[in-house]
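Dear colleague,

Please find below the structure for your examination. My notes on what was found in it follow directly after.

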Amino acid sequence: MSRLFAIVSIAVVLVLASCSSESGSAEGDAAPEAGAPARDGDTVDVHYIGTLDDGEQFDSSYERGAPLTLTLGTGGVIPGFEHAVRGLGVGERVTVRIEPAEAYGERDESRVVEVPYAPSQGDVAVGDIVTLNTGEQAEVLEVRSETVVLDANHPLAGQALTFEIEVVSITRG
């Protein structure tokens with residue numbers, strides 16, 4: 001009886017060992033080893049707080065109650081943010097200041113334009129955000145009798161951004 005128990009125990013151990021070595025090994029869903037850095041192709045969940053140089057907070061994933069999910073190397077976020085996340089492991093935190101060139105770019109005054117406008121096109125007011133024919137958004141800066149002045153720069157263009165970033169999870173790509 002004890003010999004049968006030993007054989008069954010060995011078989012169970014072998015089956016469990018086989019299962020644990022196979023689980024998570026499929027490409028695309030394997031969690032990296034503890035401390036393994038995020039790399040291009042990985043899907044990374046991060047929490048972050050974004051502030052301007054004057055300390056004003058402009059964004060926070062914590063306040064939304066859900067981390068941001070990004071795939072490194074795809075350009076889905078501003079370049080400086082992606083560079084800051086690349087190389088971090090789960091649980092790591094970093095604070096990084098990103099210059100405009102690696103964020104939303106410098107302000108471009110050529111993106112402030114005056115366009116024809118007639119009241120029959122609908123009501124617009126200073127501060128409104130409108131969608132252009134190109135799909136881009138622009139802020140209404142001024143409404144005149146026959147024209148409106150629009151600013152198609154990103155609202156954060158020309159500003160350095162500081163992010164406190166925490167890596168929540170990494171899924172290998």
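The chain contains 3 helices and 9 strands. Their order along the sequence is α-β-β-α-β-α-β-β-β-β-β-β. Please bear in mind throughout that this is a predicted model. Of the 173 residues in the chain, 29% are buried. As for contacts between residues at least 6 apart in sequence, 67% of them join residues at least 24 apart.

Aromatic residues

A pair of aromatic rings is described by the distance of the centres and the angle of the planes. The count for this chain is 4 aromatic pairs. In the pair formed by Tyr48 and Phe81, the ring centres are 5.6 Å apart and the planes stand at 80 degrees; because this angle is over 60 degrees, the pair is edge-to-face. This pair connects distant parts of the chain, since Tyr48 belongs to strand S1 (residues 43–52) and Phe81 to helix H3 (residues 79–85), with their positions 33 residues apart in the numbering.

How accessible are the two partners? Tyr48 has a relative accessibility of 6% and therefore counts as buried. Phe81 is likewise buried, its relative accessible area being 3%.

Phe81 also pairs with Phe163: the centres of these rings lie 5.0 Å apart and the planes are at 85 degrees, so this pair too is edge-to-face. Here again distant parts of the chain are linked, helix H3 through Phe81 and strand S9 (residues 161–171) through Phe163, at a separation of 82 residues. Phe163 has a relative accessible area of 6% and is therefore buried. Together with Phe58, the residues Tyr48, Phe81 and Phe163 form one aromatic cluster.Glu166 in strand S9

Strand S9 also holds Glu166. With a relative accessible area of 18%, Glu166 falls under the 20% limit and is therefore classed as buried. Which side chains does the side chain of Glu166 meet in polar contacts? One is that of Tyr62, at 2.8 Å. Another is that of Arg93, at 3.4 Å. When neighbours within four places in sequence are set aside, Glu166 is in contact with Asp45, Val46, His47, Tyr62, Glu92 and Arg93.

Asp151 in strand S8

Asp151 is located in strand S8 (residues 147–151). Its relative accessibility is 9%, so Asp151 counts as buried. The side chain of Asp151 is joined to that of Arg107 by a polar contact of 3.0 Å. Beyond residues up to four places away in sequence, Asp151 touches Arg107, Arg111, Val112, Gln137, Ala138, Glu139 and Leu141.

Pockets

The largest pocket encloses about 290 Å³ of space. It is lined by 15 residues, and those closest to its centre are Val115, Val130, Leu132, Val148 and Leu150. Strand S5 (112–116), strand S6 (129–131) and strand S8 are the elements that each give two or more residues to this lining. Of these, S5 provides the largest share, with 3 residues. By class, the lining of the largest pocket consists of 10 nonpolar, 4 polar and 1 charged.

The second largest pocket has a volume of about 210 Å³. Its lining is made up of 13 residues, and Gln137, Asp151, Asn153, His154 and Pro155 lie nearest its centre. Asp151, described above as buried, is thus named again here as one of the residues nearest the centre of the second largest pocket. Which strand gives the most to the lining of this pocket? It is strand S7 (residues 137–143), with 3 residues. The lining of the second largest pocket divides into 5 nonpolar, 3 polar and 5 charged residues.

To recapitulate the main points, Tyr48, Phe58, Phe81 and Phe163 make up one aromatic cluster. Glu166 has polar contacts from its side chain to those of Tyr62 and Arg93, while the side chain of Asp151 has one with that of Arg107. The two pockets described have volumes of about 290 Å³ and about 210 Å³.

With kind regards

Terms used
Residues numbered from 1 in each chain as written. Predicted model: local features only at pLDDT ≥ 70, side-chain atom pairs only at ≥ 80, totals over all residues. Heavy atoms only, no water. Phe/Tyr/Trp six-rings, centres within 6.5 Å; stacked < 30°, edge-to-face > 60°. Helix = DSSP H or I, 4+ residues; strand = E, 2+ residues; numbered from the N terminus. Buried < 20%, exposed > 50% of the residue type's maximum accessible area, 1.4 Å probe, protein only. Polar contact = N/O pair within 3.5 Å; in protein donor to acceptor, adjacent residues only side chain to side chain. Contact = heavy atoms within 4.5 Å. 1 Å grid on protein atoms, 1.4 Å probe; cavity = no way out; pocket = protein on both sides within 12 Å on 5 of 7 lines; lining within 4 Å. Points joined across faces, edges and corners; volume = space filled by probe spheres on them. Nonpolar A, V, L, I, M, F, W, Y, C, P; charged D, E, K, R; others polar.
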